[in-house]
Amino acid sequence: MNPKISKLKAERVKNDGKIAMLQSRNREIDEDIIKLENEDIVGLARATGMTMEELAQYLMHIKKGGSPFCSTQKEDMENASEEN
């Protein structure tokens, strides 16, 4: 067999090992990022004094297309009429 082929095959195996190691490290990094993001989100919710139920309701409101910062007067009036 051509010695260049053997050399290239050996390099390929070596590269496959490096790629597997780097992919594994990337998965670990992704897990760490998610963990830190989740801690930040919980910290922000606690800093506002929200309960987990209030946070869930707030996020659902945003997901439905509501304003994340304030409600409109119309929404306030609708909510007040629903409570009565």
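The side chains of Arg12 and Asp16 form a salt bridge, with N and O 3.4 Å apart. Both residues belong to helix α1. They are four residues apart, about one turn of the helix. Arg12 counts as exposed, because its relative accessibility of 55% is over the 50% cut-off. Asp16 counts as partly exposed, at 37% relative accessibility. The model that shows this pair is predicted.

A salt bridge also joins the side chains of Arg25 and Glu28. Here the N to O distance is 3.3 Å. Arg25 and Glu28 again both lie in helix α1. Their spacing is three residues, about one turn of the helix. Arg25 has a relative accessible area of 42% and is partly exposed. Glu28, at 37% relative accessibility, is partly exposed as well. The count of salt bridges comes to two.

The overall fold is described next. The chain contains three helices and zero strands. Along the sequence the pattern reads α-α-α. The chain has 84 residues, and 4% of them count as buried. The exposed area is about 7900 Å². Carbon and sulfur atoms supply 58% of that area.

Confidence varies among the elements. The mean pLDDT of the chain is 85. A value of 70 or more is reached by 80% of the residues. Helix α1, residues 3-48, has the highest mean pLDDT among the elements, at 96. Helix α3, residues 73-83, has the lowest, at 56.

Helix α1 was examined from end to end. At its start, a side-chain oxygen of Asn2 reaches to within 2.9 Å of the backbone nitrogen of Lys4. The helix holds 46 residues. At 1.5 Å a residue, α1 should span 68 Å. The C-alpha atoms at its ends are 68 Å apart, so the expected and modelled spans agree. Just after α1, Gly49 takes a positive phi of about 85°.

Helix α2 covers residues 52-63. Its 12 residues should span 16 Å at 1.5 Å a residue. The end C-alpha atoms of α2 lie 16 Å apart, which agrees with that expectation. A glycine with positive phi is found after this helix too: just after α2, Gly65 has a phi of about 100°.

Contacts of Ala45 were then considered. This residue is found in helix α1. Ala45 is buried, because its relative accessible area of 5% is under the 20% cut-off. With residues up to four places away in sequence not counted, Ala45 touches Met50 and Leu55. Ala45 and Leu55 are 10 residues apart in sequence. In space, their C-alpha atoms are 6.8 Å apart.

In summary, the predicted chain is built from three helices without strands. Both the Arg12 and Asp16 pair and the Arg25 and Glu28 pair lie in helix α1. The end-to-end distances of α1 and α2 agree with their expected spans.

Conventions: Residues are numbered from 1 along each chain as its sequence is written. Side-chain values use heavy atoms; hydrogens and water are left out. Helices (H or I, at least four residues) and strands (E, at least two) are DSSP runs, numbered from the N terminus. Buried means under 20% relative accessible area, exposed over 50%, partly exposed in between (1.4 Å probe, protein chains only). Accessible areas come from the Shrake-Rupley method with a 1.4 Å probe; for residues, only the protein chains shown count as cover. pLDDT is the predictor's confidence in each residue, from 0 to 100. A salt bridge is a side-chain nitrogen of Lys or Arg within 4 Å of a carboxyl oxygen of Asp or Glu. The expected span of a helix is 1.5 Å times one less than its number of residues. Contact means heavy atoms within 4.5 Å. A polar contact is a pair of N or O atoms within 3.5 Å; within protein, one must be able to donate a hydrogen and the other to accept it, and residues adjacent in sequence count only if both atoms are side-chain atoms.
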